[in-house]
Amino acid sequence: MKHRHGDGSLDLVQLRTFLAVYRSGSLTAGATQVGLSQPTVTSQLQSLEKAVGRPLFDRLPRGVSPTAAAHELAARIADPLDALAEVTGTTTGHPPPEPPVLLGGPAEILATLALPALAPLITEGVRLQVVTGLADDLLAELRTGALDLVISAIRPRGRAVVAEPLADEEFVLVANPATAARIDTGRLERGDATALAHVPLVSYAPDLPILRRYWRHVFGRRLERRPAVVVPDLRAVLAVVTAGGGVSVLPRYLCASALAAGTVVALLDPEDPPINTAYLVGRSTRTERPHVALVRTRLREAAPTW
């Protein structure tokens, strides 16, 4: 089969097959929808990719992930093909399901804030595929089309993506009540960080990124200590602090319930606490799949309460 007709147009059968795979997120499910074998679907997609000159899907252990080129193509052909299917009587009367929204971000923000806010959309039929990790890695996946949206503590640069401020997270120096009782908070309030010299530090990473930032911002000095505990999950950091394992600096949203319950206490209440901005990042495209737009809108609406 030729990749294009004589007038340069793309093959209609291949486009229908592409749209079925795009919407189902799976070669197998797409093949079922169009009544073809999976090898035939694979062959048609390869021909279509050769015709458009760019890859359309990344193969995953389970299913496929649309690339940026696939999103662009789907935005151009979805409405015309759906209208044609309705006229020719090949539609089932039910719109095909959208593929999952691919959302990336820090595990703590996703688990504590974002996913609870998105729960109502899930009950309305929106599917989510969530990826956690470091901001740089997730933003790289966003640029290649492997993710639809990313919540990032880093504001990315470049024209390929668009970032908007989502929420500010305030950092708090915390300890459990028994640990706090052994600390001279008067010295802390005078900016003397040596009041914490005898207390173990619990950190998200070996280089104490959050703690070092707090020390510079609040105490005006460089933190030169090693952590007693390193665990790459801020929820686990809170658990260690609550159990009396030392002190740490955590986002207020993460420890708000523990502060209210009194299982941890804030050691300082500075007038100008360190703040970090979380950004909602998407690709620079004219069109956006409806469910991606719903997730984006819901996160924007929920963020002011965070």
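Is Phe-171 buried or exposed in this predicted model?

1. Phe-171 counts as buried, because its relative accessibility is 7%, and buried here means under 20% relative accessible area. The residue has its place in strand β6, which covers residues 161-175. When its neighbours within four places in sequence are left aside, Phe-171 is in contact with Ile-210, Arg-213, Tyr-214, Val-249, Leu-250, Pro-251, Pro-273, Pro-274 and Asn-276. Phe-171 and Leu-36, by contrast, are 135 residues apart in sequence and 55 Å apart in space, taken from C-alpha to C-alpha.

2. Strand β6, in which Phe-171 is placed, is joined to β9 by 4 bridges, and the two strands run antiparallel. Within this pairing, Val-174 stands opposite Ser-248 in β9. Strand β9 comprises residues 248-251, and both of its faces are covered, given that Ser-248 and Leu-250 on one side and Val-249 and Pro-251 on the other are all buried. Three of these strand residues also appear among the contacts of Phe-171, namely Val-249, Leu-250 and Pro-251.

3. Strand β3 (residues 101-105) should be considered together with its two partners, described here in turn. It is joined by 5 bridges to strand β4 (residues 128-132), with the two strands running parallel, and Gly-104 stands opposite Val-131 in β4. A further 2 bridges join β3 to strand β5 (residues 149-152), and this pair also runs parallel. Leu-103 takes part on both sides, since this residue stands opposite Val-130 in β4 and opposite Leu-149 in β5.

4. The connection from β3 to β4 passes through helix α5 (residues 107-123), and the three elements make a right-handed β-α-β unit. As for the surroundings of the strand, 5 of the 5 residues of β3 are buried, so β3 is largely enclosed by the rest of the structure. The covering applies to both faces, with Val-101, Leu-103 and Gly-105 buried on one side and Leu-102 and Gly-104 buried on the other.

5. How do helices α1 and α3 pack against each other? Helix α1 (residues 12-24) and helix α3 (residues 38-52) pack at an angle of about 110°, and their axes are 9 Å apart. That angle makes α1 roughly perpendicular to α3, because values from 65 to 115 degrees are counted in that class. On the α1 side the meeting residues are Val-13, Gln-14, Leu-15, Thr-17, Phe-18 and Val-21, while α3 contributes Val-41, Gln-44, Leu-45, Ser-47 and Leu-48. By class, the residues of this contact divide into 7 nonpolar and 4 polar, with no charged residue among them.

6. Gln-44, one of the α3 residues that meet α1, deserves a separate remark. Gln-44 is buried, with a relative accessible area of 10%. Not counting residues up to four places away in sequence, Gln-44 touches Val-13, Gln-14, Thr-17 and Leu-36, and Val-13, Gln-14 and Thr-17 are listed in α1 as part of the helix contact. Elsewhere along the chain, Gly-158 is 114 residues from Gln-44, and the C-alpha atoms of the two are separated by 34 Å.

7. The backbone at Leu-208 is a point for a careful reader to inspect. Most residues other than glycine have a negative phi. Leu-208, although it is not a glycine, has a positive phi of about 50°. The residue lies in the loop between β7 (202-203) and α9 (209-219), and Leu-208 is buried, with a relative accessible area of 4%.

8. Two helix residues can be set beside these buried positions. Pro-290, whose place is in helix α12 (residues 290-302), counts as exposed because its relative accessibility is 53%, and the cut-off for exposed is over 50%. Pro-290 and Gly-133 are 157 residues apart in sequence and 25 Å apart in space, C-alpha to C-alpha. Ala-140, found in helix α6 (residues 135-144), is partly exposed, with a relative accessible area of 38%. From C-alpha to C-alpha, Ala-140 and Leu-113 are 23 Å apart in space, with their positions 27 residues apart in sequence by the count of separation.

Note on methods: Residues are numbered from 1 along each chain as its sequence is written. This is a predicted model: local features need pLDDT of at least 70, side-chain atom pairs count only at pLDDT 80 or more; totals for chains, interfaces and linings use all residues. Side-chain values use heavy atoms; hydrogens and water are left out. Axes are lines fitted to C-alpha atoms, for helices over the stretch in contact, and angles run from 0 to 180 degrees between N-to-C directions. Angles under 35 degrees count as roughly parallel, over 145 as roughly antiparallel, 65 to 115 as roughly perpendicular and the rest as oblique. Contact means heavy atoms within 4.5 Å. Ala, Val, Leu, Ile, Met, Phe, Trp, Tyr, Cys and Pro count as nonpolar, Asp, Glu, Lys and Arg as charged, and the others, Gly among them, as polar. Buried means under 20% relative accessible area, exposed over 50%, partly exposed in between (1.4 Å probe, protein chains only). Two strands pair if DSSP finds at least two bridges between them. A crossover is right-handed if, with the strands pointing away from the viewer, the path from the first strand over the helix to the second runs clockwise.
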